[in-house]
Amino acid sequence: MGLIKKLRALLLIPLGVVFFCAGLADAEALPLFSRQTGQNCVSCHAGGQYPELTPYGRYFKLTAYTIGERTNIPVSVQFVGGAATSTNGNNGTGQVHQSGKLEPNYLFLDVGGKIADNFGAFSQWYYAFDEQVSGKGSIPNQNQFAADIQDWRYADHYVGNTADVVKDFIWGASLNNYAGATDVWNSSPMWMYPYMGSTRNYSTYGLPYNTRLSAYSVHNPGYGVYGYVNQNFYGEVNLYQSGGSGPLSWMTYPASNSNPNSAPVYLQGLNPYFRFAYQSDEHAGHNWMVGFLGANINQYASCNTVADSSSYKGAAPTCSGPVNAPALSAGTVKFQDRAIDGQYQYLVDPHTVTAQARYTKENISDPTGILYSNPNNKTNSFMSKVSYVYNATYGAAVAFQNITGTGDARYGTNAVTGANLNPNSTAWIPSIWYQPLQNVRLTYQYTAFTKYNGGTINYNGSGTNASANNASWLYLWVAM
């Protein structure tokens, strides 16, 4: 199917949504938080580009999603579907990916908003169509229902007079399930562009899947506290523990010891995540932020992971019981991340300009070789993005991603020399979009690799060029 035919097919869906929404009352046509606050999407999202937050959107999240009146039906739905195409696909061994077919990807259920005066939530669940799963490459992609981002908050708010040193102070606590899920800036790993990707092709997210920042991808229950002073100074500390069992297991559903396709992430003790930032006052539509964030994650592996590891050097762990039982005696893989980041926004109707950047150093210690062939590895990554939106309708963005680090068998080996590949990769991700309604967006996104796992031409010794992992991603996002 050619690009023009794909565009025509996808455009039929937003047209149907337009007519459907036209037949509803305004209160029923807006997503969850819009109905609660009475504001349209551009109040919380820069240029209407979900999930990027405006100062008002950040304030709404930090006050525990409680601004406005509690709704009778605190639910909204998001749909993402489209067509992803690439030669190589940046996929795991044995995984199947799209080749230009128009197919559904995600159906999200969002529940929450204001529960009480000081208590609210953003509870997102998803149904993924044909999602890539684990299983040593022998299990095909499957549909999956799962707990996505969970952020349950209590917050209080002090407002002083103009003569006070502390004129405005928000403090609160959060129960959540990802390191960084609580963040309110889009330069953090959890919320940075590209905001959406295909379930069947991880190239649509950018850098190689095996080079991702592991400290921010663990799916575990966590709890923490935060404070925001004078709408300038922000600080937050969270602690994360093992998921998959116990009273908080719903936050990591469907991960369990007995699920061969979704193992829990086992952590040693409590694992800290912290975030500090300074946000400027708004002036003539301009605001900016500089920040510092990091995490220390000590992760056990499952017995299956250790058994399948070709680099494991420790004693054979004693394993019995469920298929994904933790291999506690095998030791841990330790991830230590430290990052500096920044964000700039210009928000004056009809123009919206945003830019984000982040530099991260990650130290990885794996003395028994559970995941990595080296006992110690390092990565350094730089991510940046700039976007422009006109009249909350027409938008364009481009991102630059770069990562360097130690060569390790984790990233693969050269088919000819046997040498370990390294994470050194560079990707550009431009996109354009059209938003005919505030909750309907049609986007074309492209990922172009100029380097992949250490090389540009024949990087793996099998004749594969970095560009073979390039991916196009034409998709429709609808929220109701």
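A salt bridge is taken here as a side-chain nitrogen of Lys or Arg lying within 4 Å of a carboxyl oxygen of Asp or Glu. In the predicted model described here, Glu52 and Lys385 meet this criterion, their closest N and O atoms being 2.8 Å apart. The two partners come from distant parts of the chain: Glu52 sits in the loop between α4 (41-44) and α5 (55-62), whereas Lys385 belongs to strand β13 (residues 376-390), and 333 residues separate them. Both Glu52 and Lys385 are buried.

The overall architecture may be summarised as follows. The protein contains six helices and 17 strands. Of its 480 residues, 53% are buried. Among contacts between residues at least 6 apart in sequence, 68% join residues that are at least 24 apart. The accessible surface amounts to about 19700 Å², and carbon and sulfur atoms account for 60% of this area.

In total, five salt bridges are counted. Side chains of opposite charge can pair when their charged atoms come close. Besides the pair of Glu52 and Lys385, a salt bridge joins the side chains of Asp151 and Arg153, with an N to O distance of 2.8 Å. Asp151 and Arg153 are both buried. A further salt bridge is formed by Arg275 and Asp341, whose closest N and O atoms are 2.7 Å apart. Because Arg275 lies in strand β9 (residues 271-279) and Asp341 in strand β11 (residues 333-348), this pair ties together parts that are 66 residues apart in sequence. Arg275 and Asp341 are likewise buried. Through salt bridges with shared partners, Asp183, Arg275 and Asp341 are joined into one network.

Helix α5 follows the loop that holds Glu52. Seven of the eight residues of α5 are buried, and the helix is therefore largely enclosed by the rest of the structure. The buried residues are Pro55, Gly57, Arg58, Tyr59, Phe60, Lys61 and Leu62. After α5 comes Ala64, which has a positive phi near 65°.

Strand β13, which carries Lys385, is paired with strand β14 (residues 394-405) in an antiparallel arrangement that comprises 12 bridges. Within this pairing, Tyr390 stands opposite Tyr394 of β14. The two strands form a hairpin with three residues between them, and in this hairpin Asn391 adopts a positive phi near 55°. Strand β14 is also joined to strand β15 (residues 425-437), again with antiparallel direction, by 10 bridges. Here Asn402 stands opposite Thr426 in β15. In a regular strand the side chains alternate between the two faces of the sheet.

On the surface, Val77, Leu107, Leu109, Tyr127, Phe145 and Tyr253 together make a nonpolar patch of about 490 Å². One of these residues, Tyr253, is located in the loop between β7 (233-240) and β8 (266-267). The relative accessible area of Tyr253 is 42%; because this value falls between the limits of 20% for buried and 50% for exposed residues, Tyr253 is classed as partly exposed.

Definitions and conventions:
Residues numbered from 1 in each chain as written. Predicted model: local features only at pLDDT ≥ 70, side-chain atom pairs only at ≥ 80, totals over all residues. Heavy atoms only, no water. Helix = DSSP H or I, 4+ residues; strand = E, 2+ residues; numbered from the N terminus. Buried < 20%, exposed > 50% of the residue type's maximum accessible area, 1.4 Å probe, protein only. Contact = heavy atoms within 4.5 Å. Areas by Shrake-Rupley, 256 points an atom, 1.4 Å probe, with all protein chains shown as cover. Patch = residues over 30% accessible without salt bridge, like charges linked within 9 Å, V, L, I, M, F, W, Y side chains within 5 Å. Pairing = 2+ DSSP bridges.
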